Amino acid sequence: MAIATYTYESTWRESRKVNWCVDDLIGPDKSMDFSRLFLPDSLVRAADSGYLDLEQQLILNHIRANSYLHLFILVEAFIIPMVVDQVKQMGYGNIFATQALLGFAEEEGKHIYLFQQFMAALERGFHHHCHCVGPVEDIAREIGAYPPLSVLLLTLQFEWTTQIHYLESIRHRQDHLDPCFCDLLKYHWLEEAQHTKLDTLMAYGLVERMSADDVDAGLEGYFELVHKLEQTLMAQAKLDVLTLTEVLASASTPASCQILSKDQQQRLYASQAQAYRWAFLCTGVGHPNFLQVLEHISPNAKERAIGLTKALSY
Ligand SMILES: [Fe+2]
Ligand SMILES: [Fe+2]
């Protein structure tokens, strides 16, 4: 088993240097600019359907941003109980681990509040109800019922995903992205960067205490969870198309009003499904640092993840 170059103590000390609060990112003095894209287009691929004009692509981008916030609330909702359970299992033998993990859980709670505040601001400015998968608690509970190693790996995958989302926002800053949403992606990643280390330490520690059969079951559970998440994302993609269809049909001016045909909705769903798979699954499952952790646990799991990333990229 490879040993990480960091420890619970060094990660805990490092995490104390990152210190921001939700009010710094969104509030009365910091509002979102609805004339701009919220998410980098590489995550949304609004033009891929081939028939949305620029105004319609902007609306789709805002719908996708709302779904982004909702989906990350869902992700945080299954992470918090997993981390708290790990604290209970580990006890207080390493007090730096205890402090680091409690800080980790507290930060995920802060992230839920961050996403909720952005969702509230988006709802105020968007003027339309956006459909979302749920209830979040039920989906999170189903995921949390999997073996701890499975949930830990899914968590680690999503943490590396947030790095790619932040990097995409840097790469596309010239596309006039909303500065508030760019800050959300940046400051979320800054704390997730510490979480990647804590999750890696937890995963290595967990595997050392597990039998080979239990490790195999944990890995199998992880791959099942990826497929479960894929189904959730596809359901969200369908709901995004429904929201866009409703928004365009209710547009106040004849110029912006458009009734999407069934065929157009189907094509839009197909392109959005692909965009979701890349943005939420391929970026994490195929992330080199995530693959490295998988390789330390099981070289076969790494190969399977590489194959899965290719299959999801189609
Ligand atoms: Fe988070
Ligand atoms: Fe996290």
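User: Against which helices do the buried residues of H1 pack in this model?
Analyst: The model is predicted: local features need pLDDT of at least 70, side-chain atom pairs count only at pLDDT 80 or more, and totals for chains, interfaces and linings use all residues. Residues are numbered from 1 along each chain as its sequence is written, chains are lettered from A and ligands numbered from 1 in the order in which they are written, and side-chain values use heavy atoms, with hydrogens and water left out. Helices are DSSP runs (H or I, at least four residues) numbered from the N terminus, and contact means heavy atoms within 4.5 Å. The buried residues of H1 pack against helix H3 (54-90), H4 and H7.

User: What arc around the axis do the buried residues of helix H1 cover?
Analyst: Helix H1 (residues 8-15) has the buried residues Tyr8, Thr11, Trp12 and Ser15, where buried means under 20% relative accessible area (1.4 Å probe, protein chains only). The arc is taken from the directions from the helix axis to the C-beta atoms. These residues lie on the same side of H1 because their arc is only 100°.

User: Which residue caps the N-terminal end of H1?
Analyst: A polar contact is a pair of N or O atoms within 3.5 Å; within protein, one must be able to donate a hydrogen and the other to accept it, and residues adjacent in sequence count only if both atoms are side-chain atoms. At the N-terminal end of H1, the backbone nitrogen of Glu9 lies 3.3 Å from a side-chain oxygen of the capping residue, Thr7.

User: Which residue coordinates both iron ions?
Analyst: Donors are N, O and S atoms within 2.8 Å of the metal (3.2 Å for Na, K and Ca); water is not among the atoms, so sites may look incomplete. The iron ion (ligand 1) is coordinated at 2.1 to 2.3 Å by Glu76 (OE), Glu108 (OE), His111 (ND1), His188 (NE2) and Glu192 (OE). The iron ion (ligand 2) has protein donors 1.9 to 2.6 Å away, among them Glu108 (OE) and His195 (ND1). The two ions are 3.7 Å apart, and both are coordinated by Glu108.

User: Why is the arrangement around the iron ion (ligand 2) irregular?
Analyst: Four donors count as tetrahedral if all angles lie between 85 and 135 degrees; four count as square planar and six as octahedral if opposite donors are over 155 degrees apart and all others between 65 and 115; anything else is irregular. The arrangement around the iron ion (ligand 2) is irregular because its four donor atoms subtend angles of 54 to 148°.

User: How many helical turns separate Glu108 and His111?
Analyst: Glu108 is buried, with a relative accessible area of 0%, and His111 is buried at 0% relative accessibility. Because they are three residues apart in helix H4, the separation of Glu108 and His111 is about one helical turn.

User: Which helix gives the largest share of the largest nonpolar core?
Analyst: A nonpolar core is a set of buried Ala, Val, Leu, Ile, Met, Phe, Trp, Tyr and Cys residues joined through side-chain atoms within 4.5 Å. The largest such core has 108 residues, and Leu184 is one of those touching the most other members. The largest share, 16 residues, comes from H3.

User: Which backbone oxygen does the side chain of Thr245 reach?
Analyst: Thr245 is in helix H8 (residues 212-249) and counts as buried at 16% relative accessibility. The side chain of Thr245 lies 2.6 Å from the backbone oxygen of Val241.

Terms used
Buried < 20%, exposed > 50% of the residue type's maximum accessible area, 1.4 Å probe, protein only. Helix = DSSP H or I, 4+ residues; strand = E, 2+ residues; numbered from the N terminus.
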